[in-house]
Amino acid sequence: PSVTEKLRGSRAAQSLEKLSRVSRRHQFLFQCGLILLYRLVLDFMYLTQLSPIYAYSGFTTDLVWIKYALSWLLVLVCLPLVVGLQGQEERPSSILVTLMNYVYFLPMTSYLGCKGSDLGFFCAVAVYWLVLLAVQLRMPTILVPKLPHRHTSLLFFLVSVGACLFVMGISGIYTGFRLKLNLSDVYGIRAEAAAYDIPGLFAYVLSWMTVILSVLILYWLQKRRYVAVGVLVVVYLFYYSISAQKSVFLFLFLLLFCYLLYRKWMYRWCAGLLSLGVMGCWVLEAGAQFLTPMSLFVRRLMYVPVQLSEVYAQFFREHPLNLFRDGILGKLSYDPVYSIKIPKVIGEYMGTGSSANNGLVGDMYANLPVVLGVFLMPLILVILFRLLDAAARDIPQKIYIGLCVFFAMSFCNGSWSTVLLSGGFLMACIFLYLFPVQKEEHVKNEQS
């Protein structure tokens, strides 16, 4: 090419680079605006509906302006990290942490500011969140070579048959093949399921079935074997009917939605969509006195885990640390600190008697000194998240996005060691690592 053509090419490249920079800058500002809008919507919901309706359960209002300003300052400090993390959508772990930001940490700032929580708890949350974001952004991804496609396809067929036989066997022995889809009568079934004398190993395998059946459904959907998908969905419903956990039932619909309808723009608009969802709940309660969406979507999903974290902090400031005796160390025969599980301890402390499960900041307060925990716990979590990155490499996003949502909720509501083992996170990583995806299917998905 001539010198003129080279100069034109160079100028064109420079112009494209400038446009790209402008686009990225505008995208950054746009995401910042959506996140700030989301925080405003959360504050509006808390002050006008959540606190007035649920003040009796601890969602009180005490607007101390210095604390409210500090809560906004924390959002502004973390904002570049949150937006930068959301831009790493090729990393499953970044999607998982981004979802945790939206359903736990940003509602946490709203709770801290509107309720006027103590500054010690505020400082612990701030350091924990900043360390988690920084480590997640900086820690490199582990690259693990995948097994050949031909070795894993037969394995998934055999596991599908085995999982169906196992679930139907447990259902037949303990429930007489009961199929219960009524969500209004779950507590009686849960009380019955608590009395089942399922052997320890079988109980562990049964707890993994949420993840195993989910990955198997995704596998056969990808293969377009809809008869197999139908069979696995029916088996999944029998599995749900064994213990009637609402989260298990709802996860099936989330999984199918993410695979069939999810598009990448939804992730980029996450803050905006959540703002619309919260305001929709506000309108339904204010206009039609329909409280259920606000109670489930806003109160239970976002603010109850945040409130429980504060309760954990209050309890373990005055009582001995559990030091993971409910999880890993308990499995190694260390003597328990408490005679019952920590969620039951907290439930009795609150006067409800229920199991008050909590993760993230609450899990840290229960098991480690705060000065150590705010640095060590985020590091542990990000190391676990890197396992997900390594396992899900080359897998289309629509396969694992539903699992990211599921485990974001799980880590917000349970101890990391429980989520890792009985919660199925490690099992999910194993099955995603073995997940047979044709290279051309991956390329087609990424282009779409």
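**Asp 43 and Arg 39**

I looked up burial for this pair in the predicted model, and both Asp 43 and Arg 39 are buried. Their side chains meet in a salt bridge, with an N to O distance of 2.8 Å. I placed both residues in helix α1, which covers residues 3-54. Asp 43 and Arg 39 are 4 residues apart there, about one turn of the helix.

**Other salt bridges**

I then took the count, which comes to 6 salt bridges. Side chains of opposite charge can pair when their charged atoms come close.

One of the pairs I opened was Glu 89 with Arg 268, where the closest N and O atoms are 3.2 Å apart. Glu 89 sits in the loop between α2 (65-86) and α3, and Arg 268 sits in helix α10, so this salt bridge ties together parts that are 179 residues apart in sequence. Is Glu 89 buried or exposed? I found 15% relative accessibility, so Glu 89 counts as buried, the cut-off being under 20%. Arg 268, at 32%, counts as partly exposed.

I went on to Asp 118, which forms a salt bridge with Arg 317. The closest N and O atoms of Asp 118 and Arg 317 are 3.3 Å apart. This pair also links distant parts of the chain. Asp 118 is in the loop between α3 and α4 (119-138), and Arg 317 is in the loop between α12 (292-316) and α13 (328-331), 199 residues apart. I noted Asp 118 as partly exposed, with a relative accessible area of 29%. Arg 317 is likewise partly exposed, at 44% relative accessibility.

**Whole chain**

I stepped back to the totals. The secondary structure comes to 20 helices and 0 strands. The protein has 448 residues, and 49% of them count as buried. I also checked how far apart in sequence the contacts reach. Of the contacts with a separation of 6 or more, 80% are between residues 24 or more positions apart. The exposed area is about 20,800 Å², and carbon and sulfur atoms supply 68% of that area.

**Nonpolar core**

Which residues have the most contacts inside the largest nonpolar core? I got Phe 407, Phe 411 and Phe 425, in a core of 150 residues. Helix α3 (residues 92-115) gives the most to this core, with 14 residues.

I listed the neighbours of Phe 407, leaving out residues up to four places away in sequence. Phe 407 touches Leu 96, Val 211, Val 419, Gly 423, Gly 424, Phe 425 and Ala 428. Phe 425 in that list is also one of the residues with the most contacts in the core.

**Asn 101**

I stayed in helix α3 for Asn 101. Its relative accessible area is 0%, so Asn 101 is buried. Leaving aside neighbours within four places in sequence, I found Asn 101 in contact with Val 82, Leu 85, Leu 106, Pro 107, Trp 129 and Leu 133.

**Helix α14**

I asked which residues of helix α14 (residues 342-350) are buried. They are Ile 342, Pro 343, Val 345, Ile 346 and Gly 347. What covers these buried residues includes α12. I also looked at the end of the helix: just after α14, Gly 351 takes a positive phi of about 90°.

**Surface patch**

I searched the surface for nonpolar patches and noted one formed by Phe 30, Trp 265, Trp 269, Leu 273 and Leu 276. Together these residues have about 530 Å² of accessible area. From the patch I picked Trp 265, which is found in helix α10 (residues 264-268). Its relative accessible area is 45%, so I entered Trp 265 as partly exposed. Arg 268, the salt-bridge partner of Glu 89, lies in helix α10 as well.

**Cysteines**

How many disulfides does the structure hold? I found 0 disulfides. A disulfide is a covalent bond between the sulfur atoms of two cysteines. Cys 429 is in no disulfide, and the nearest cysteine sulfur, that of Cys 404, is 9.8 Å away. The cut-off for a disulfide is 2.5 Å between the sulfur atoms. I recorded Cys 429 as buried, with a relative accessible area of 6%. Cys 164 also counts as buried, at 15% relative accessibility.

Note on methods. Residues are numbered from 1 along each chain as its sequence is written. This is a predicted model: local features need pLDDT of at least 70, side-chain atom pairs count only at pLDDT 80 or more; totals for chains, interfaces and linings use all residues. Side-chain values use heavy atoms; hydrogens and water are left out. Helices (H or I, at least four residues) and strands (E, at least two) are DSSP runs, numbered from the N terminus. Buried means under 20% relative accessible area, exposed over 50%, partly exposed in between (1.4 Å probe, protein chains only). Contact means heavy atoms within 4.5 Å. Accessible areas come from the Shrake-Rupley method with a 1.4 Å probe; for residues, only the protein chains shown count as cover. Patches are made of residues with over 30% relative accessible area and no salt bridge: like charges are joined within 9 Å, nonpolar side chains (Val, Leu, Ile, Met, Phe, Trp, Tyr) within 5 Å. A salt bridge is a side-chain nitrogen of Lys or Arg within 4 Å of a carboxyl oxygen of Asp or Glu. A nonpolar core is a set of buried Ala, Val, Leu, Ile, Met, Phe, Trp, Tyr and Cys residues joined through side-chain atoms within 4.5 Å.
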